[in-house]
Amino acid sequence: MTPNLQTARQTETVFRTENLNIYYGNFLAVKDVSIKIPKHCITAFIGPSGCGKSTVLRCFNRLNDLIKSFHIDGKIYYHDQDLYSSEIDPVEVRRQVGMVFQKPNPFPKSIYDNIAFGPRLLGYKGDMDVLVERSLKQAALWDEVKDKLKESGTAISGGQQQRLCIARAVAVQPDVILMDEPCSALDPISTLKIEDLLQELKEQYTIIIVTHNMQQASRASDFTAFFNVQANDKGQRTGYVVEYDRTEVIFQNPMQEATREYVSGRFG
Amino acid sequence: MTSQEFASNVLPRRSLKRVPSSPRTLFSAVMTVVAFACAAIALIPLISVLYYVIINGAGRLGPDLFTQLPPPPLVKGGGFGNAILGTLLTVGMAAAISIPFGVLAAIFLSEFARDTVVADWIDFFTNVLSGVPSIVVGVFAYALVVVTTGTFSAFAGGVALAVLMLPTIVRTAAESLESVPNETRQAAIGLGATRFQTTIQVVLPAAIPAIVTGVMLAISRAAGETAPLIFTALFSQYWAKGVWEPIASLSVLVFNFATVPYKNQQQLAWAGALVLVGMVLITSILSRWATQRKR
């Protein structure tokens, strides 16, 4: 597996993993991931369920720290800092690496307070109204909610809630936005809106998106990592990266037969 | 044999029409009646309590009740203003003690120690505490406060009621915190909130309506308690001068006056019961109103 990352090398690398193994207790969940995430690109993680895409994604903002039995070996570098070194404060990591979850999860607060939550945590001193408006505009939600900023963030539609969550993530001006199947609970129109949004967001942010939707990966992403899963003789299923390359290579001319079968829908 | 023949042979097509005399319909009708009757019977105690309290107590309702002191035997008139004030004072002190302890304990159980051995044990002892008879709690508060301070007092009554309220508050608050979805916590943590910020700014506000309901429930339970107050707050014929002396309360007043042979006192006992029920009712309604408005 020697991914052709000519283009990736031309831009700066945001995340670099080296022989990353992820464990829950003794169970090896994902093995030997060595990938580079380029700056201001959209990188998609695709693959069948249970192959560890989300697990890898959640390592990048140390959200897996919440799971007690979780540990890794190998390295993850974020702009050449060892992300899992004991000097790193996970809270600071999460302030620079934002996240949008599978299920829209706005706080049970007003739309305004949902956006203002992150900046307030960071002690933002500027004009909050301006920041809320700018964040909602970036998430293409401003026109739909500008007259009901005081209403609850849970009272709007699912697609709007997910864009609210994106607005909430961009409000703290992160460096990276991680998205864990952000469209899986949404209808096709909302999905398209969010995909359009991704193209605008990548001008400012580095985006990593986990998706089950192959068309979404091929339409929206610049790079694609195909994950697969293999079972050992005890029946434990371990995920690994089959192939990682530019999206058009993965979808049109992949090097691995397994990738070709998966992206063409003949997987199994 | 085609599949259609097969199906019609084994399971003949049934009519979709309702058959009122079929055993299934009859059974359903009978059970509905039985369930309704049981629900009605369960309401009888509540309705008869309310009926008796209103019939016997409403006659004495008036401003005197709230402004006058309890009369000596064979004297007409009077009221129990000091007992209402005393109940409010002791319950208020109990709430001031048990709400912070209870809610913080619930936060610890639900947010910081969930699924740990410590949490299991605290949970277990909370359940044990809620099963301790209220009179035992009264004796405990007697030993703890009355004996050490050398006097029956409103404060001792407040401590006894606080111990009674604590398990209810801990359990309802922990349950309401646990019912806040984990996605909400992850959203806050994903934005770079610390655990403390997540709890205080996101989880607790989301759980507040349910916590308020639990607290109100505990308060209205405590307001009616008599046994723990007999050992601690005792009773007083006079207006309270402070929290460090015996104080009157509605429940003890009802207990005292209901058992004496004087007509006027018995009437006051009924009126006291009515006011007590009314206070509990108002608390419940307020808590419902507060919870619904939040949503």
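Begin in chain B of this predicted model by selecting D115(B), D120(B), D123(B), E175(B) and E178(B), which together form a negative patch on the surface. Next, display the helices α5 (117-131) and α7 (154-178) of chain B; each of them contributes at least two residues to this negative patch.

Within the patch, centre the view on D123(B). This residue is located in helix α5 of chain B. Its relative accessibility is 37%, and because partly exposed covers the range between 20% and 50%, D123(B) is classed as partly exposed.

Remain in chain B and select L43(B), L46(B), I47(B), L50(B) and I54(B). These residues make up a nonpolar surface patch, and their accessible area together is about 440 Å². To place one of them, highlight helix α2 of chain B, which spans residues 23-57 and contains L43(B). How exposed is L43(B)? At a relative accessibility of 45%, L43(B) also falls into the partly exposed class.

Now turn to chain A and colour the chain by secondary structure: eleven helices and eleven strands are present. With the view aligned to the principal axes, the C-alpha atoms of chain A occupy a box of roughly 55 × 40 × 40 Å. The radius of gyration of chain A is 19 Å, which agrees with the value near 18 Å for a compact globule of 268 residues.

Finally, colour chain A by relative accessibility. Of its 268 residues, 55% are buried, that is, under 20% relative accessible area.

Definitions and conventions
Residues numbered from 1 in each chain as written. Chains lettered and ligands numbered in written order. Predicted model: local features only at pLDDT ≥ 70, side-chain atom pairs only at ≥ 80, totals over all residues. Heavy atoms only, no water. Patch = residues over 30% accessible without salt bridge, like charges linked within 9 Å, V, L, I, M, F, W, Y side chains within 5 Å. Areas by Shrake-Rupley, 256 points an atom, 1.4 Å probe, with all protein chains shown as cover. Salt bridge = Lys/Arg side-chain N within 4 Å of Asp/Glu carboxyl O. Lys, Arg positive; Asp, Glu negative; His and termini not counted. Charge placed at Lys NZ, Arg CZ, Asp CG, Glu CD. Helix = DSSP H or I, 4+ residues; strand = E, 2+ residues; numbered from the N terminus. Buried < 20%, exposed > 50% of the residue type's maximum accessible area, 1.4 Å probe, protein only. Rg over C-alpha atoms; globule rule 2.2 N^0.38 Å.
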